[in-house]
Amino acid sequence: MMATTPDSDYVHRLSKMIVYNHHVNVKFSVVNIADFERNFNNKIPTLTLVEGAEIKKPDILIVQIGENVSEDEIKDPHNFEEKYIQLLSLFPNNKRIITLPFWPSKQKQYAITNVAIRSNSYLVDISHLGDGTDKQNFASLQKKHYRLHGVASHPGDIGMQHIADCYYATINAILY
């Protein structure tokens, strides 16, 4: 993610929105599981995958994976769906929100939608933010220019706010 400052990423922005609008304390953990995404065929989700999480029993679990899953490995989505559901099962007894990837992919969208249905999870779609129709969502338009295409095509500060808004729409409904 390419927010210009750590508190400009969608996690911090979302947390501030919840605190401000619902007058509650928010504690969160962020765990990067890109390695799992890149190697899900060879991994069995265990607690060691998410051991860096400070919050072991979250009230609300948000999982955003898919961007690092190769299109070739998801042609037959069954294994990906099973591993994703195993990952979610590591966190029982909470509200789960899973996300369609920032960059649209028909195969990933179908597979993750199936995971949401099978795991009784909320589904947040952020793929419209990365489809290129609104260039403001990308880091390439920030004052701090990123020369590498792969970096510049990530969400920038405006994209981070839009992602936070998408999550907040669901969390707001959960909390009311």
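1. A pocket, as the word is used here, is an open set of grid points where a 1.4 Å probe fits, with protein on both sides within 12 Å along at least five of seven lines. In this predicted model, the largest pocket has a volume of about 1,400 Å³. Its lining is made up of 44 residues, and those closest to the centre are Tyr10, Val11, Ser29, Val30 and Ile62.

2. Which elements give two or more residues to that lining? They are the helices α1 (10-22), α2 (34-38), α3 (78-89) and α6 (157-175), together with the strand β1 (60-63). The most comes from α1, which gives five residues.

3. A word on the character of the pocket: its lining counts 30 nonpolar residues, alongside seven polar and seven charged ones.

4. Now to the helix packing, beginning with α1 and α6, which both appear among the elements lining the largest pocket. Their axes lie 8 Å apart and the packing angle is about 40°. Angles under 35 degrees would count as roughly parallel, and 65 to 115 as roughly perpendicular, so α1 is oblique to α6. The crossing is right-handed.

5. If you would like to look at the α1 and α6 contact by residue, on the α1 side you will find Tyr10, Arg13, Leu14, Met17, Ile18, Asn21 and His22. On the α6 side, the partners include Asp157, Met160, Ile163, Ala164, Tyr167, Tyr168, Ile171 and Leu175. The contact as a whole has 11 nonpolar, four polar and three charged residues. Tyr10 is worth a look on screen: this residue takes part in the contact with α6 and is also one of the residues closest to the centre of the largest pocket.

6. The other pair to view is α3 with helix α4 (residues 106-119): how do their axes lie, and at what angle do they cross? The axes come within 10 Å and cross at roughly 45°. These two helices are therefore oblique to each other, and their crossing is right-handed.

7. In that second contact, Phe80, Glu81, Glu82, Tyr84, Ile85 and Leu88 of α3 meet Ala111, Ile112, Asn114, Val115, Arg118 and Ser119 of α4. By class, the contact of α3 with α4 holds seven nonpolar, two polar and three charged residues. Besides meeting α4, α3 gives two or more residues to the lining of the largest pocket.

Methods. Residues are numbered from 1 along each chain as its sequence is written. This is a predicted model: local features need pLDDT of at least 70, side-chain atom pairs count only at pLDDT 80 or more; totals for chains, interfaces and linings use all residues. Side-chain values use heavy atoms; hydrogens and water are left out. On a 1 Å grid over the protein atoms alone, a cavity is a set of points where a 1.4 Å probe fits but cannot get out, and a pocket is an open set with protein on both sides within 12 Å along at least five of seven lines; lining residues have an atom within 4 Å of a point. Grid points are joined across faces, edges and corners, and a volume is the space filled by probe spheres set on the points. Helices (H or I, at least four residues) and strands (E, at least two) are DSSP runs, numbered from the N terminus. Ala, Val, Leu, Ile, Met, Phe, Trp, Tyr, Cys and Pro count as nonpolar, Asp, Glu, Lys and Arg as charged, and the others, Gly among them, as polar. Axes are lines fitted to C-alpha atoms, for helices over the stretch in contact, and angles run from 0 to 180 degrees between N-to-C directions. Angles under 35 degrees count as roughly parallel, over 145 as roughly antiparallel, 65 to 115 as roughly perpendicular and the rest as oblique. A crossing is left-handed if the near helix is turned anticlockwise from the far one by less than a right angle, and right-handed if clockwise. Contact means heavy atoms within 4.5 Å.
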